[in-house]
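Trainee: Could you take a close look at one chain with me and talk me through how it is built?

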Amino acid sequence: MRSAPFLKSALAASFVAGASLAEEIGDADAGEALFSQCKGCHQIGASAEDRIGPHLNGIFGRRAGAHEGFAYSKSMQRAGVDGLTWTAETLDAYIENPRALVSKTRMSFRGIKNPDDRANLMAYLRDFSDNPSNLPEAEPTARATDHDLDPEILALQGDPEYGEYLSNECLTCHQADGSAEGIPSITQWPEEDFVVAMHAYKRKLRPHPVMQMMAGRLNDEEIAALAAYFKDLD
Amino acid sequence: MKLNRRIFMGTSAAAMASLSSPAVLADGHGKPRVVVIGGGAGGATVAKYLAKDSKGEIDVTLVEPTRTYFTCFFSNLYLGGFKDIDDLGHTYGTLAAKYGINVVHDWAVDVDRDSKTVTLAGGSKLPYDKMVLSPGIDFVDGAVEGWSVAAQNAMPHAYKGGSQTELLKAQVMAMPEGGTFAMVAPPNPYRCPPGPYERISMVAHVLKANNPTAKIIVADPKDKFSKQALFQEGWANHYAGMVDWIGSDFGGGNVSVDPNAMTVTIDGEETKVDACNVIPAMKAGRIAELAGVTDGNWAPVNAADMSTKADADVYVLGDASQQGDMPKSGFSANSQAKVCANAVRGALTGSKVFPAKFSNTCWSLIDTDDGVKVGATYEATDEKIAKVDGFISATGEDSATRKATYEESEGWYAGITADMFG
């Protein structure tokens with residue numbers, strides 16, 4: 001899929017000279033590759049749904065924190081109420097350093113420093129907004145739930161009360177209010193994503209040593225219980 | 001749908017509940033009363049979880065002398081200039097206002113386990129049904145020849161957060177050009193195993209920027225230390241030629257100090273120093289000894305619930321406890337506090353008691369964006385808290401990994417302090 005290039009000229013007028021901004025023509029194909037960093041949480045394309053993060057179809061022109069049905073952090077909701085709308089300029093700033101723009105966002109992403117990479121990524125995202133391309137023609141590209149986990153494990157119904165006790169151990173590092181400061185937010189994740197992520201740590205497919213260790217001694221029911229508890233923690 | 005909640009309730013939870021004591025309701029008074037002594041990582045956490053989870057069913061009192069608590073963890077980052085002292089200070093207002101904990105700013109000076117009362121320095125007495133002691137550490141008298149608490153102004157220990165940390169930093173900053181910083185490291189077991197070596201790294205970081213010809217000598221009674229390969233690699237990479245670590249093999253344990261003359265004598269060789277950090281051998285905070293629950297320097301506890309071997313109604317958390325394999329750390333104390341809160345609440349209100357799980361991770365900073373970590377998980381056995389699994393950062397890791405580790409440690413600090421005080 002190839003689309004109209006994301007043009008420097010579309011952005012240049014509103015940009016302050018000398019700032020580190022995406023200035024080059026974006027390449028949507030390069031952006032698609034970069035989107036691999038995003039798709040653990042965000043889906044985009046015809047079959048996209050809200051997962052850990054909201055789906056990104058139609059992100060351009062969307063008011064921040066306003067996509068119906070997704071539970072945003074309070075700070076993202078406030079940013080939207082204060083008037084933040086996703087444009088090339090605001091998305092560029094957000095992708096560069098999420099917490100610099102929305103200080104307590106639950107989006108646990110360190111940001112993309114390279115302006116060219118940001119331009120490429122935005123060119124890709126742009127393909128899924130109303131203009132220039134039509135959404136139904138877009139291919140389903142992102143599948144956050146790529147995994148080979150046993151369906152029986154995914155079907156386990158967790159006990160949130162047990163999850164609350166087990167969560168005490170998580171809350172030494174992960175904050176109950178969803179703040180993400182160097183350690184990701186784990187509140188309000190869809191249960192399936194939570195379970196898939198924890199089993200990926202348990203099987204050492206995901207690389208983090210602390211999480212491999214913590215997940216390593218949780219059994220299937222305990223992981224389900226944690227997923228059930230954190231799903232509704234606000 | 002598989003109904004695992006039912007399966008769970010029918011088996012493990014019920015079995016677990018039957019192992020715990022039946023609900024003991026307070027005799028002759030209203031709500032059951034828990035007195036927690038010490039408002040650090042163990043005490044603040046256990047008080048918060050007891051109050052939060054019992055939803056008002058338990059009367060929780062927290063006794064802590066300081067109104068602003070300065071964490072000992074991360075104090076080295078203040079020494080290194082990565083944190084302001086105010087970043088490390090925390091207050092108890094939320095514990096009182098949000099969770100209804102009775103926060104008493106006073107010293108606990110005596111415990112009568114027969115009448116189940118705690119006496120405060122102010123004179124009043126607090127009755128308890130269960131008491132949790134989390135007093136941290138004190139120093140063993142005479143552990144370093146020539147040093148006593150009276151000398152801590154000339155040669156700070158800086159091993160309790162706050163004014164001592166500020167004093168040590170001021171002394172490092174005032175060192176003459178090319179001067180000598182000495183550390184007398186503690187013998188095992190002690191609070192925060194990597195702490196002295198992270199401190200060396202942070203002092204070296206400050207001296208490299210301000211006083212690059214200065215020297216650091218470390219007299220150590222041990223022949224090895226926590227994260228040794230990582231620290232020594234880091235010292236060679238960042239502070240080449242600056243740090244001289246003298247382990248026990250070279251007489252590092254044969255040390256005396258003279259705080260008036262500002263000299264340190266290691267294995268018979270006297271050195272004039274410009275700043276000296278003496279970290280003596282440690283023991284449980286004094287109140288544990290006064291309560292009569294210590295054996296030697298520490299308070300032996302049962303791994304399943306942190307109750308003391310001496311008294312089933314007295315619990316000891318964190319550094320002061322002798323529990324088995326966990327290091328003495330803020331993370332460990334916080335982890336033990338959650339197990340303890342669950343057990344105490346079960347004993348007092350009949351709530352479900354879940355199996356004990358413990359964990360710990362210690363992050364250390366070697367230089368800017370060069371963070372390392374070590375961690376483990378633990379379980380309760382009949383004899384002790386026993387290690388299950390662990391990991392440690394590798395030597396030679398790339399800079400992105402080390403930077404991410406440091407950022408993670410900052411996230412942990414925000415997380416644990418929110419967990420304790422928020």
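Mentor: Happy to! Let's begin with the annotation: the unreviewed UniProt entry places "domain: Cytochrome c" on residues 26-129 and 158-234 of chain A. UniProt positions appear here in the numbering used for this structure, feature names are shortened, and such annotations may be inferred rather than shown by experiment. Please keep in mind that this is a predicted model, where local features need pLDDT of at least 70, side-chain atom pairs count only at pLDDT 80 or more, and totals for chains, interfaces and linings use all residues. Residues are numbered from 1 along each chain as its sequence is written, while chains are lettered from A and ligands numbered from 1 in the order in which they are written.

Now to the two annotated spans. Residues 26-129 of chain A are 38% helix and 0% strand, and their end C-alpha atoms lie 15 Å apart. For residues 158-234 of chain A, the figures are 56% helix and 0% strand, with 18 Å between the end C-alpha atoms. Helices here are DSSP runs of H or I with at least four residues, strands are runs of E with at least two, and both are numbered from the N terminus.

Stepping back to the whole of chain A, you will find 11 helices and 0 strands. Of its 234 residues, 44% are buried, meaning that 20 or more other C-beta atoms, placed from the backbone, lie within 10 Å of the residue's own. Finally, consider contacts, that is, pairs of residues whose C-beta atoms, placed from the backbone, lie within 7 Å. Among those in chain A between residues at least 6 apart in sequence, 67% join residues at least 24 apart.

Notes. A residue is buried if 20 or more other C-beta atoms lie within 10 Å of its own, exposed if 12 or fewer, and partly exposed in between; C-beta atoms are placed from the backbone. Two residues are in contact if their C-beta atoms, placed from the backbone, lie within 7 Å.
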